[in-house]
Amino acid sequence: MTSVLARNPTPRPGSASDGSDAPHSASLLRPERLPFADRLRSGIVQPVLPLWLACLVALGGGLSLMTGFPGADVWPMTFVGVAAILVSLIGQRWNRALLVGLVGGVTFWCAHISWLTLYLGPVPWLALAILEAIFFAIGAVAIAFVYRFAGAVWPTRLGRLGILPVVVSGLWTAREAITAVAPEGGFSWGRVAFSQSTSPFSHLVAFVGVSGLSFLLVWLVAFVIQLCREVSLRVVTRFALGILAVGLLLVVPAWPAPTSGTTRIAAVQGNTKSGLLDRVEAGDNLNAHITETLKLEGDAVDMVVWPENASDVDPEASRAAAADLDFISGIMKAPLVVGTIAERDGKFYNTSLLWENGSVADFYDKRHPVPFAEYMPARPFFRALVPDLVDLVTRDYQVGTTDTVMNVNGVVAGISICFDITDDSAVQAMVDDGAQVILAQTNNADFGQTDENLQQLAIARLRAIETGRSVVNISTVGHSAIIAPDGSTLDAIAPYAPGAMVDDVPLSTTTTPASLTGRGLEWLVSGLGLAGLALALVAAARARRRPPLPR
C-alpha cells in the first residue's frame, strides 16, 4: 500500500485546490521539497491490513515459511512466507507489529522444530520456540517501524525501490545473525538460506555465504512488494523490473568448485540406539559400527569415518575399546576417525578421535555443545522448574578449544560434530585451517524419523557449496551422504538402516568468495539495516518535537 502521499491530501491554504501559488502546490507533488516535519506527517504509512487480518496473514506466513524447509522442501513457499510476514507488518505501530511478529514467529518455530517433542515432550519445544519467536517479533517491530516512516525518510521512488528493500532485508538478516550466536551460543536453525539447498538460488551461497543468501532472498521479496506498492508505475514496468531482479540472481554462474585429487573414504552408519533415552549396554554402539565396518574388509581406503558417539566407550579409558579400534584399523589398513565421549581432568568433551597405530594421533573437541542437551546453563534455576528434564542431562560437556582439522593419512580433514555444521565461525575456521574435505559426524538418534536430520543434511549441502569442499555427512541413523563441492550427492546410505559408503571423494584447497569475505558481508548488510532503522527513529523523534502544522 502506498503512503498517504498517494491519496488526495486535505486541502490547505496555498495548495493547488484553493487556487493559491503554484510553487507550494508543486511541493505537494514532490514530497522531497516539503519541510521535514510536513513530509513526515504526510508520509507516515498506514497499515495495509487491519490487525486481525495481519495476524492471520502472519500465521499463514509462518506456516508457508516452514513449508520451504525439509522435509516438505517446497522451496518457493519460503518466498510466500517471507512476503506474507512483510506485508502484515507494513504500516503497523510498534505494539501491533510486536503481536503480528509473535504470531508469525510462534507459528513458524513451533512447526519447524516440532521434532523436539518426539522424546522430550512439549516443554523444551515450547520454550525454544517461544524464545526464538520473541527474537522474531523484535525483528518484526524494527521492520514495521522502517516501513511506517519510510515515506518521510526516503520520499522518492528511487529511495522506496532502491533503499527500503535493502534496509528491510538487512534487518531480517541482522535478526538471524544475532540469534545464530546468542543466547548461549545461539540457535542457527531456521535461517531463510537454509531452506534453499535444492533451489536454483543455492549456488549463490558460494559467493555471499549463508547470511548473504538470506539477505538476497529477503531483498528480492521486499523489492517485489515495493514494486506492487508503486501504483504510479505502469504494470508492464513493474513486471519487467521484477523479472529483472529475479534474473540478476539466477544469471550468476555457479562457482566452478575446482578440485585437486581425491581420497578414498569409507563412512559407516551403524543404525544404533544411541539416543539420550535409549537403554543400551555400554559397547553396543561400538559393536554395531564394528559389524558394519567388517563387511568392507578388502576395500582399499585411505580413512574410515564413524559418526558422533559411534564408540560409546572411551578407548583412552578402556583397553577393550582400544583393542577393538586397533583391530578395525588393522583390518582396513587405514586410520579411523571416530566419535566418542572423552574425560580429561574431570571434564567431559564430545570428541572426535583420530585412531592410528594403536593410539590417539589427534583429536577434536566439539566447539558448539548444545545448551539444555549437552550442558545445562543455570542448572539450579531450571532444575527447580522442570527437575525431571534437567536430570536427563547428567553431564555438562565443555566448549572445545582445539583446532578444527586433522591430518588423516596425508589429507587435511576439517572436523564438525553435529551442531558445529550450523556454526558459521566453526565452518570458516576449518577453511582457514586448510581443510581439504569436511567430515561432518553427527548423531540424530534422539529425533527418530523426523525432519530434523533432513534439515541438518540440507545445511551440510549448503556448507559444501559455500566452502567449495566435499562434505562427508555421516550419522548414526541417517541421513548420511557424501556431498560434492557443487552440492551434488556422490553417495548416500538408506536412512534408519545399517550401511556404509566407500567413495573417491574430491579434495579442494580453493577459497570461495564467501570464505574469503568471511562474516564481513553479514556485518555489512546488517549494518545497512540498522542504519536505516536509526534514520527512521531519528525522523520520528524529530517530528515529535515539532509543533503541529497549522490547518
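A contact, in these legends, means that heavy atoms of two residues lie within 4.5 Å of each other, and the model in which such contacts are described is a predicted one.

**View 1. The surroundings of N285 in a helix.** N285 lies in helix α11, which covers residues 284–294. Leaving aside residues up to four places away in sequence, N285 touches T272, K273, S274, N309, A310 and D312. Is N285 buried or exposed? N285 counts as buried because its relative accessibility is 6%, and the cut-off for being buried is under 20%.

**View 2. Two asparagines with positive phi.** Most residues other than glycine have a negative phi. N309, one of the residues that N285 touches, has a positive phi near 60°, and N309 sits in the loop that runs between β2 (303–305) and α12 (319–332). N357 also has a positive phi, near 55°, and the place of N357 is the loop between β4 (347–356) and β5 (359–365). Which of the words buried and exposed applies to N309, and which to N357? With a relative accessible area of 17%, N309 is buried, whereas N357, with a relative accessible area of 75%, is exposed.

**View 3. Two cis peptide bonds in loops.** Most peptide bonds are trans. The bond from A182 to P183, however, is cis, with omega near -5°, and P183 is found in the loop between α8 (157–179) and α9. A second cis bond leads from G478 to H479, with omega near -5°, and H479 has its place in the loop between β9 (470–475) and β10 (480–483).

**View 4. The largest cavity and its lining.** Rolling a probe the size of a water molecule over the atoms shows where empty space is left. A search of the whole structure finds 4 cavities of 30 Å³ or more, and the largest cavity has a volume of about 190 Å³. This cavity is lined by 19 residues, of which G209, D424, E466, G518 and R519 are the closest to its centre. Which helix supplies the largest share of the lining? The largest share, 5 residues, comes from α9, and the helices that each supply at least two residues of the lining are α9 (205–229), α15 (424–432), α16 (452–467), α17 (513–517) and α18 (520–544).

**View 5. Two spans annotated as transmembrane.** An unreviewed UniProt entry places the feature "transmembrane region" at several spans, including residues 235–255 and 523–541. In the model, residues 235–255 are 76% helix and 0% strand, and the end C-alpha atoms of this span lie 35 Å apart. Residues 523–541 are 100% helix and 0% strand, with end C-alpha atoms 26 Å apart.

**View 6. The whole protein and its N-terminal stretch.** The protein has 18 helices and 12 strands, and of its 551 residues 55% count as buried. Among contacts with a separation of 6 or more, 71% join residues that are 24 or more positions apart. The exposed area is about 22500 Å², and carbon and sulfur atoms supply 62% of it. The average pLDDT of the protein is 89, and 90% of the residues score at least 70. Over residues 1–37, however, the pLDDT is below 50, although this stretch has 46 contacts in the model beyond near neighbours in sequence. Where pLDDT is low, the predicted coordinates should not be read in detail.

Conventions:
Residues are numbered from 1 along each chain as its sequence is written. This is a predicted model: local features need pLDDT of at least 70, side-chain atom pairs count only at pLDDT 80 or more; totals for chains, interfaces and linings use all residues. Side-chain values use heavy atoms; hydrogens and water are left out. Helices (H or I, at least four residues) and strands (E, at least two) are DSSP runs, numbered from the N terminus. Buried means under 20% relative accessible area, exposed over 50%, partly exposed in between (1.4 Å probe, protein chains only). Accessible areas come from the Shrake-Rupley method with a 1.4 Å probe; for residues, only the protein chains shown count as cover. pLDDT is the predictor's confidence in each residue, from 0 to 100. UniProt positions are given in the numbering used here, feature names are shortened, and annotations may be inferred rather than shown by experiment. On a 1 Å grid over the protein atoms alone, a cavity is a set of points where a 1.4 Å probe fits but cannot get out, and a pocket is an open set with protein on both sides within 12 Å along at least five of seven lines; lining residues have an atom within 4 Å of a point. Grid points are joined across faces, edges and corners, and a volume is the space filled by probe spheres set on the points.
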